[in-house]
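Subject: Structure handover and notes

Dear colleague,

I am passing on the structure we spoke about, and I would be grateful if you could read the notes below with it open beside you.

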Amino acid sequence: MVRVLGIDPGTKSMDLCGLEDGRVVFERSIETIDVARDPEILINEIKDFGDVDLITGPSGYGIEITRLSDIPKDVLEDWYYRYILLTTKEDIEKGMERGFVGAFIYYSMTKTVIRMRDEDLPVVFIPGVINLPTVPDFRKVNKVDMGTADKMCVTVLGVYDQSKRLKIPYSDVSFILIEMGFGYNAVIGVEGGKIVDGFGGTTMLGPGFLTMSYVDQEVVQLARGWEKSDIFVGGCSTISGKDAPEDFVRCVDEDERCKLAWDAMFDGIEKAVAAMTVSVNPKEILLSGRLVRIDRIYDELVKRLSRFAPVRKIGKLEGARITKETSQGYAMVADGLAGGRFKDLIGWMEIDKAKGTCLDYIYHPKVKR
């Protein structure tokens with residue numbers, strides 16, 4: 001029996017999904033801000049699941065398959081901030097002082113990973129989209145975020161879901177995935193059952209709920225001292241002045257700023273999907289994430305995107321009830337890497353062949369320094 005655990009560090013909640021022989025048998029959802037205050041909450045939930053063969057830990061922007069036990073304890077904190085989160089402890093502490101939700105998330109992820117190392121848990125870090133050999137290098141030039149590890153994971157669930165539902169081999173699977181989380185949006189392209197392209201949360205053509213996503217380089221130049229914490233703001237929440245997605249949706253017909261943010265977000269998603277058809281001939285448009293559970297957002301996506309392909313919500317793993325799709329994908333990757341039910345799927349998608357970090361394709365001289 002193969003027992004694995006996937007941990008998805010979401011902006012709003014951290015979800016744990018435990019599998020036994022590929023079936024969901026354990027689910028927990030914890031408020032991320034609570035984990036930031038006390039990492040032991042998450043550690044205790046992990047222990048509650050019991051002995052495991054493998055855990056896929058919070059992997060940020062992604063990296064080639066890397067065991068936590070291979071990172072020396074004395075450099076782990078700096079390594080995690082630098083290579084997984086692309087920031088520094090000082091920058092995150094500044095963001096927390098300014099009250100940015102994203103900064104608290106990064107802080108909680110780091111503290112949790114340090115505690116998992118202390119407990120000698122069998123944790124691995126996994127790739128993002130940019131690390132995969134199935135994505136051509138020319139699409140990676142001067143990019144960092146083509147889809148973080150969690151976006152890669154939910155795409156794994158999408159490949160399995162379409163293959164099972166349409167009764168087709170992985171080689172015939174093709175879709176465009178739209179993932180809309182509390183913080184970031186992403187659009188990922190799959191052709192032949194493999195990830196071939198992606199717009200990540202910071203490269204999307206339009207704002208997410210928290211992040212501004214794509215930004216004109218002139219804006220960065222004008223701002224001068226651009227910090228990591230600045231990535232966590234500027235999106236629909238900032239534009240509309242609403243802290244909750246539900247409040248934002250309710251004000252669209254009554255407030256000009258809400259309508260402006262709404263139109264900007266959906267215009268960006270529609271353009272990103274249109275651009276993705278250069279790389280993918282999709283059988284379907286799959287939807288996932290916290291925001292697509294809001295009826296009006298789902299209806300707007302169907303209205304705008306049905307001209308590209310049939311639109312539907314992504315399916316769930318057998319036994320899943322409360323965990324997000326991303327955490328289910330995290331668990332599937334763990335199962336496949338541990339030689340379980342999803343071994344062939346992970347092998348087909350070449351996740352085990354991922355190489356390097358998300359910093360390997362930067363050519364701008366200032367950034368390379």
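What follows is a short account of two sheets, the helices that lie on them, and a few residues in loops.

Please keep in mind throughout that this is a predicted model.

**The six-stranded sheet**

One open sheet has 6 strands in the order S3-S2-S1-S4-S6-S5, and its pairing is mixed. Strand S3 (23-31) and strand S5 (66-67) stand at its edges, and because each has a single partner strand, one side of each is left without a neighbour in the sheet. Within this sheet, strand S1 (residues 3-9) pairs with strand S4 (residues 54-56) in the parallel sense over 3 bridges, and Val-4 has Leu-54 in S4 as its bridge partner. Helix H5 (residues 101-118) lies across S1, strand S2 (13-20) and strand S6 (123-125), and runs at about 155° to S1. Helix H12 (residues 325-337) also packs on the sheet, where it touches S1, S2, S4 and S6, with a direction that makes about 140° with that of S1.

**The five-stranded sheet**

A further open sheet is formed by 5 strands in the order S9-S8-S7-S10-S11, again with mixed pairing. Its edge strands are strand S9 (194-199) and strand S11 (311-313), each of which pairs on one side only. On average, and with direction ignored, neighbouring strands of this sheet are turned by 25° against each other. Strand S10 (residues 284-288) pairs with S11 in the parallel sense over 3 bridges, and Ile-285 stands opposite Val-311 in S11. Helix H11 (residues 295-305) lies across strand S7 (174-180), S10 and S11, running at about 150° to S11.

**Loop residues and a surface patch**

Most residues other than glycine have a negative phi. Against that background, Leu-86, in the loop between helix H3 (73-84) and helix H4 (89-97), has a positive phi near 55°. Arg-224 likewise has a positive phi, of about 60°, and is found in the loop between H7 and H8; with a relative accessible area of 65%, Arg-224 is exposed.

Trp-226 lies in the loop between helix H7 (217-223) and helix H8 (236-240). Its relative accessible area is 31%, so Trp-226 counts as partly exposed. Together with Val-219 and Val-220, Trp-226 forms a nonpolar patch on the surface, with about 200 Å² of accessible area for the three together.

With best regards

Notes:
Residues are numbered from 1 along each chain as its sequence is written. This is a predicted model: local features need pLDDT of at least 70, side-chain atom pairs count only at pLDDT 80 or more; totals for chains, interfaces and linings use all residues. Side-chain values use heavy atoms; hydrogens and water are left out. Patches are made of residues with over 30% relative accessible area and no salt bridge: like charges are joined within 9 Å, nonpolar side chains (Val, Leu, Ile, Met, Phe, Trp, Tyr) within 5 Å. Accessible areas come from the Shrake-Rupley method with a 1.4 Å probe; for residues, only the protein chains shown count as cover. A salt bridge is a side-chain nitrogen of Lys or Arg within 4 Å of a carboxyl oxygen of Asp or Glu. Helices (H or I, at least four residues) and strands (E, at least two) are DSSP runs, numbered from the N terminus. Buried means under 20% relative accessible area, exposed over 50%, partly exposed in between (1.4 Å probe, protein chains only). Two strands pair if DSSP finds at least two bridges between them. Axes are lines fitted to C-alpha atoms, for helices over the stretch in contact, and angles run from 0 to 180 degrees between N-to-C directions. Contact means heavy atoms within 4.5 Å.
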